[in-house]
Amino acid sequence: MATKILLVDDEREFRETLAKLLDRRDYDVLVAGDGSQALGLFLQGDVEAVILDMKMPGLHGIETLREIKRLDPAAEVIILTGHLVKSTEQEGLRLGAFAYLTKPCSFQELLETIEAALRRRRARMSGDHEPRSGAS
Amino acid sequence: MPLTSLKRKPPARAGRNILGEGPGDEGLHRRLVRTMLFACLVPLLLIGGATHLQFHLYAENMVTDQHQRLIRNHRNFIQAYLEDRTQELAAVARMYSLEQLREGELERVFSLMKEESGIYSDIGIIDDQGRHLVYLGPHDLSGRNYRGADWFRALQDREVYVSDLFLGYRAIPHYIIAVKRLEGDRFWILRATLSIDHFSEVVERVRVGSTGEAFLLDSAGTYQTKPLFGGEVLKPSGYPFLDPHEGVRSYEVKRRGETLLFTDVWMADGRWLLVFRQSKTEAFAPLRRALFTLIAITLAAVIAVSAVALVLSRRLVAFIAASNRSREELNRQLLASSKMAAVGEMAAGVAHEINNPLGIIETLKTWILDLMDSPAPGDEDREEIRDSARKIGDQVERCRRITHDLLKFSRRVESERAETDLNALLEEMVRITEHRAKGENIRFAMDLAPLPPLQLYPSEFQQVALNLLNNAVDAMERKGGTLTIRTRMEEGGVRVDVEDTGCGIPEEHISRIFEPFFTSKPVGKGTGLGLAVCYGLVQKMGGTLGVRSREGEGTRFTLLLPAPPESRPNMNKRSRNPGKAGGSHGDEDPSRG
């Protein structure tokens, strides 16, 4: 089954083009235009990585991140924003974001970051599961 | 509505510190010199005046005392002199009998007396019938009878008589001293005439300076001795103070432009008045000399103080001027840096707005490359590529608009008065702020009334507006809200409101927000200069800046700018774009407010 990625950005053009690019690389991409919509999709389950914008109407990126981490602490969130503010970056990383990328970011770099995030998630998942399976 | 407000009240320091202007150097110099001279000269002159007054009183007392002492002593001296003469004659009368004297002794004794002193001009013996028995002297007086003479009658019941000055038989003014000698049951009289010259000399012996002299008057004011400066013996003196009195008295009399000091004392049982006279000018000459010295010293001090005041104030003014210049320079730098800070704050926000289209362009570029890399791009792919390129164009246009707005803002740097469309300027500022505020859920409400063109400093007004808009956006960060920009034509000029529904200003901060370096923003975010500079700039434009705020509900800054009277017509207050929401530029997301 394809890896499910949630892409949250208020720029329609950006999220649609990025979705097409990721789609061609066999990711299963869900798109959301704001934080609340994103949480709705996330709740449907199986999302392994989230690409999250910061400045959005409605629920702000940081609030969305906090909510996602509360729902699933293992979810990997990559912040991708045009918002170059140190304090936001620090807060994002403190809340457990995997990386803080700023727009414009090369697609290659984004892909590598997504892969790295997924590797960490998988490593963590297997680490979580093995002792449990060993015990059973 | 509010609550906590601060209106038209100048903040403690803001205006002066940020854009205050120094007083003119020349005016300051004059003021300083005036103050210094006043502070130095007034005490100096007061001390000088008081010293002079005290000294004058002291000197006046001293002169009077001196004159009184002098005349008292002199009276005693004259009395002693007459007493001596009387004793002298009495001794002769006691030592010799009438017979002896008539037979040559008088001649011998008188020649001795004359030799000794030259006091007497003649001498004679008169019997109890008034007959002149013997006469030794220059006049022909033998055989005269004095029974009717005043002095002869006076001697009937006394032993000694000293006369006033009188003419007598010889018709020359003279004094006589007569002593009576009883011999058996008869008496005879030894009578001598005092030389008038000699006696006058005795009286005048108290010469002081060139105008101080003494003379004798009888009780009717007739001269008894010849005064040195005007007046004849036996002539009326016109001396006005002839009333009998005890002791010594002093007077000051102005006569023919000259002031004379008189001191007098009665003597000889009130028959003679001994008068001392001196011109006041001479008596006070030492005082005048002291006064001149005092004036000279005071004048020298005045000149010295004035010179010091002049030099000192010139240096002070130069120093102040230099520090004014450096303060003005500092103000300019402060103004420039605060503008940079405002622009910087805005630029950080606007950068985000450029990064977004750049992000889109980057993804579209990757998408185009992806499509071109596909093994056999078909018509559909080509159409997709074309569409992507067109979209890139859209994003470029979006960037261009932002950079264009920024450039327009940054180009307006000249600080000159110019006719300005305030509403257009505000719309431009709001557009830039919108770029910055995107994603903050802020609704921009423009409520602009038609305004006449205003004479303004556009660059400075822009800076004020940008600061107020930046603050409003900061106040609503994350939480969102409505930012209302309202313009109105009012009685006194143009009113501009910038109102937000943000966090508000705590009551304890409201009185300080216009102070330089006061900020409630986190460290590194606010310089604390924005509002202080705004305040200074608004003052410079002749306007006022007020604020009303309630914590948790919002803040409204009200800017009042004077408008020329002719541009205050009775216009219908027609709202332009009432409640129009901002965000119509480069915004492709219809969900955005």
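Two strands pair if DSSP finds at least two bridges between them. Helices (H or I, at least four residues) and strands (E, at least two) are DSSP runs, numbered from the N terminus. This is a predicted model: local features need pLDDT of at least 70, side-chain atom pairs count only at pLDDT 80 or more, and totals for chains, interfaces and linings use all residues. Residues are numbered from 1 along each chain as its sequence is written, and chains are lettered from A and ligands numbered from 1 in the order in which they are written.

**Exercise 1. Strand pairing**

Task: Find the partners of β17(B) and give the sense of each pairing.

Solution:
- Step 1. Take β15 (residues 493-500) and β17 (residues 554-562) of chain B. They pair in the antiparallel sense over 8 bridges. Gly493(B) stands opposite Pro562(B).
- Step 2. Turn to β16 (residues 544-550) of chain B. This strand runs antiparallel to β17(B), joined by 7 bridges. Here Val547(B) faces Phe557(B).
- Step 3. Inspect the hairpin of β16(B) and β17(B). There are 3 residues between the strands, and Gly552(B) has a positive phi near 85°.

**Exercise 2. Two aromatic residues**

Task: Is Phe229(B) buried or exposed, and is Trp272(B) buried or exposed?

Solution:
- Step 1. Set the cut-offs. A residue is buried if 20 or more other C-beta atoms lie within 10 Å of its own, exposed if 12 or fewer, and partly exposed in between; C-beta atoms are placed from the backbone.
- Step 2. Locate Phe229(B). It lies in the loop between β7 (213-218) and β8 (248-255) of chain B.
- Step 3. Count. Phe229(B) is exposed because it has 10 C-beta neighbours inside 10 Å. Its C-alpha is 9.8 Å from that of Gly212(B), 17 residues away in sequence.
- Step 4. Locate Trp272(B). It belongs to β10 (residues 272-279) of chain B.
- Step 5. Count again. Trp272(B) has 23 C-beta neighbours inside 10 Å, so it is buried.
- Step 6. List contacts (C-beta atoms, placed from the backbone, within 7 Å). Beyond four places in sequence, Trp272(B) touches Leu216(B), Leu217(B), Asp218(B), Gln224(B) and Met267(B). Leu216(B) is 56 residues away along the chain, yet the C-alpha atoms are separated by 6.3 Å.

**Exercise 3. Helix packing**

Task: Describe how α10(B) meets α12(B).

Solution:
- Step 1. Fit the axes: lines through C-alpha atoms, for helices over the stretch in contact, with angles from 0 to 180 degrees between N-to-C directions.
- Step 2. Read the geometry. The axes of α10 (residues 458-475) and α12 (residues 530-540) of chain B come within 9 Å and cross at roughly 145°.
- Step 3. Name the residues. Val464(B) and Leu468(B) are among those α10(B) contributes, and Leu531(B) and Leu537(B) among those from α12(B).
- Step 4. Sort by class. The contact has 6 nonpolar, 4 polar and 1 charged residues. Ala, Val, Leu, Ile, Met, Phe, Trp, Tyr, Cys and Pro count as nonpolar, Asp, Glu, Lys and Arg as charged, and the others, Gly among them, as polar.

**Exercise 4. The contact between the chains**

Task: How many residues does each chain give to the contact?

Solution:
- Step 1. Chain A gives 24 residues and chain B gives 24 residues.
- Step 2. On the side of chain A, helix α1 (residues 12-24) supplies the largest share, 8 residues.
- Step 3. By class, that side of chain A divides into 9 nonpolar, 7 polar and 8 charged residues.

Methods: Two residues are in contact if their C-beta atoms, placed from the backbone, lie within 7 Å.
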